[in-house]
Amino acid sequence: MKELSSLRAEIDHLDEQLWTIIGKRVDVARQIGEWKHQHSEPIVQAQRYHEVLEHCRKVGLQYGLSDKVINEVMEALHKESIRVES
């Protein structure tokens with residue numbers, strides 16, 4: 001078994017990767033917002049959100065994540081996407 005300090009360092013590294021990916025996701029959401037403004041599309045599109053949530057639920061469950069945490073994370077990401085798209 002790895003030492004605690006090694007495991008914590010691994011978590012730190014994964015957290016950096018996670019925030020990098022979230023930052024990239026937010027940047028794409030910002031670009032989507034620009035496209036929606038140019039094409040007079042509504043920012044919130046419930047059907048798309050449900051499609052994304054269902055996909056993320058399937059992936060998250062494969063990694064042993066609970067529905068609760070998947071929903072909470074996706075809700076937070078959705079709120080941030082709406083913020084940057086507006």
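**Exercise 1. How much area does the chain expose, and what share of it do carbon and sulfur atoms supply?**

Keep in mind from the start that this is a predicted model.

Step 1. The exposed surface of the chain comes to about 6900 Å².
Step 2. Of that surface, 58% is supplied by carbon and sulfur atoms.
Step 3. Now turn to the residues: 20% of the 86 count as buried.

**Exercise 2. Describe the overall build of the chain.**

Step 1. Begin with the elements: there are 3 helices and 0 strands, in the order α-α-α from the N terminus.
Step 2. Compare the radius of gyration with the globule rule. A compact globule of 86 residues would come out near 12 Å, but the chain has 16 Å.
Step 3. Add the dimensions: the C-alpha trace spans about 55 × 25 × 15 Å along its principal axes.
Step 4. Check the contacts with a separation of 6 or more: residues 24 or more positions apart account for 57% of them.

**Exercise 3. Is serine 81 buried or exposed, and which residues does serine 81 contact beyond its sequence neighbours?**

Step 1. Find the residue: serine 81 sits in helix 3, which covers residues 67–85.
Step 2. Apply the cut-off, under 20% relative accessible area for buried. Serine 81 has 8% relative accessibility, so serine 81 counts as buried.
Step 3. Set aside the neighbours within four places in sequence; the contacts of serine 81 are then Arg25 and Ala29.

**Exercise 4. Work out the salt-bridge network around arginine 57.**

Step 1. For background, the whole structure holds 9 salt bridges.
Step 2. One partner of arginine 57 is glutamate 54, with the closest N and O atoms 3.1 Å apart. These two are separated by about one helical turn because they lie 3 residues apart in helix 2 (residues 46–62).
Step 3. Arginine 57 also forms a salt bridge with aspartate 67, where the closest N and O atoms are 3.2 Å apart. Arginine 57 belongs to helix 2 and aspartate 67 to helix 3, so this pair ties together parts 10 residues apart in sequence.
Step 4. Put the pieces together: salt bridges with shared partners join Glu54, Arg57 and Asp67 into one network.
Step 5. Look at accessibility. Arginine 57 is buried at 18%, whereas glutamate 54 is partly exposed at 35% and aspartate 67 is partly exposed at 37%.

**Exercise 5. Which side chain meets glutamate 10 in a salt bridge?**

Step 1. The partner is lysine 2, at 2.8 Å from N to O.
Step 2. Glutamate 10 is partly exposed at 36% relative accessibility, and lysine 2 is partly exposed at 48%.

Methods
Residues are numbered from 1 along each chain as its sequence is written. This is a predicted model: local features need pLDDT of at least 70, side-chain atom pairs count only at pLDDT 80 or more; totals for chains, interfaces and linings use all residues. Side-chain values use heavy atoms; hydrogens and water are left out. Helices (H or I, at least four residues) and strands (E, at least two) are DSSP runs, numbered from the N terminus. The radius of gyration is taken over C-alpha atoms; the globule rule is 2.2 Å times the number of residues to the power 0.38. Buried means under 20% relative accessible area, exposed over 50%, partly exposed in between (1.4 Å probe, protein chains only). Contact means heavy atoms within 4.5 Å. Accessible areas come from the Shrake-Rupley method with a 1.4 Å probe; for residues, only the protein chains shown count as cover. A salt bridge is a side-chain nitrogen of Lys or Arg within 4 Å of a carboxyl oxygen of Asp or Glu.
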